[in-house]
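Here are my notes on the model, set out as numbered points. Please read them with the coordinates open beside you.

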Amino acid sequence: MTNTSSRAGLDASLSETVARTLQDYLDTLGDHEASNIYRLVLDEVERPMLEIMMRYTHNNQSKAAQCMGINRATLRTKLKRHNLL
């Protein structure tokens, strides 16, 4: 997808999916206190993103970092955090 409107649709879809999933999660908590939601959401999204990007780039860390818009050192830190290195 190359045009801006197609990309905007993907962004909205991802955003809507996260919002819906987070709301469902909070709804299932019932009387239990929500905690560490920020880290939970980041971990749930970050790990599959890293796995997919590493597959997409055939484990080329420099290329994966470039595609993700982060530097290689940050990518390596994230890969280590998720035990993907």
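Which residues are linked in a network of salt bridges?

1. The network of salt bridges is made up of R39, D43 and R81. Within it, R39 is bridged to D43, with the closest N and O atoms 2.8 Å apart, and both of these residues belong to helix α2, where they stand four residues apart, about one turn of the helix. R39 is partly exposed, its relative accessible area being 33%, and D43 is likewise listed as partly exposed, with a value of 25%. The model is a predicted one, and the distances quoted in this note should be read with that in mind.

2. As to the overall fold, the chain contains four helices and zero strands, and its elements run α-α-α-α when followed from the N terminus. Of its 85 residues, 14% count as buried, while the accessible surface of the chain amounts to about 6700 Å², with 52% of that belonging to carbon and sulfur atoms. Among contacts with a separation of 6 or more, 33% are between residues that lie 24 or more positions apart.

3. The search of the whole structure returns four salt bridges, and two further pairs deserve a comment. E46 and K78 meet through their side chains in a salt bridge of 2.8 Å, N to O; this pair links distant parts of the chain, since E46 sits in helix α2 and K78 in helix α4, 32 residues apart. E46 counts as buried because its relative accessibility is 11%, which is under the 20% limit, whereas K78 is partly exposed at 24%. The other pair is R47 with E51, whose closest N and O atoms are 3.1 Å apart, and here both partners lie in helix α2, four residues from each other, about one turn of the helix. R47 is partly exposed, with 32% relative accessibility, and E51 is partly exposed too, with 29%. The spacing of such a pair fits the general rule that an α-helix has 3.6 residues a turn, so residues three or four places apart point the same way.

4. Which residues make up the largest nonpolar core? The core has six residues in all, namely L50, M54, A64, A65, L75 and L79, and helices α2 (37-56), α3 and α4 (72-81) each contribute at least two of them. In soluble globular proteins, nonpolar side chains tend to be buried together. A65, one of the core residues, touches I70, N71, R72 and L75 once residues up to four places away in sequence are set aside.

5. Q61 merits a separate look. This residue lies in helix α3, which spans residues 61-68, and Q61 is buried because its relative accessible area is 13%, with the limit for burial set at under 20%. Its side chain is joined to that of R76 by a polar contact of 3.0 Å. Leaving out residues up to four places away in sequence, Q61 touches M54, R72, L75, R76, L79 and L85, and M54, L75 and L79 are among the residues of the largest nonpolar core.

6. I would ask for a check of the backbone at three residues. H58 has a phi near 55 degrees and N59 one near 65 degrees, positive values in residues other than glycine, and both H58 and N59 are placed in the loop between α2 and α3. Most residues other than glycine have a negative phi. H58 is exposed, with a relative accessible area of 70%, and N59 also counts as exposed, at 56%. The third residue is N83, which takes a positive phi of about 55 degrees just after α4.

7. At the other end of that helix, N71 caps the N-terminal end of α4, with a side-chain oxygen lying 3.1 Å from the backbone nitrogen of A73. N71 is also one of the residues that A65 touches.

8. Finally, the surface carries a nonpolar patch of about 240 Å², made by L14, V18 and V45. L14 is found in helix α1, residues 4-29, and counts as exposed because its relative accessibility is 55%, which is over the 50% limit.

Notes
Residues are numbered from 1 along each chain as its sequence is written. This is a predicted model: local features need pLDDT of at least 70, side-chain atom pairs count only at pLDDT 80 or more; totals for chains, interfaces and linings use all residues. Side-chain values use heavy atoms; hydrogens and water are left out. Helices (H or I, at least four residues) and strands (E, at least two) are DSSP runs, numbered from the N terminus. Buried means under 20% relative accessible area, exposed over 50%, partly exposed in between (1.4 Å probe, protein chains only). A polar contact is a pair of N or O atoms within 3.5 Å; within protein, one must be able to donate a hydrogen and the other to accept it, and residues adjacent in sequence count only if both atoms are side-chain atoms. Contact means heavy atoms within 4.5 Å. Patches are made of residues with over 30% relative accessible area and no salt bridge: like charges are joined within 9 Å, nonpolar side chains (Val, Leu, Ile, Met, Phe, Trp, Tyr) within 5 Å. Accessible areas come from the Shrake-Rupley method with a 1.4 Å probe; for residues, only the protein chains shown count as cover. A nonpolar core is a set of buried Ala, Val, Leu, Ile, Met, Phe, Trp, Tyr and Cys residues joined through side-chain atoms within 4.5 Å.
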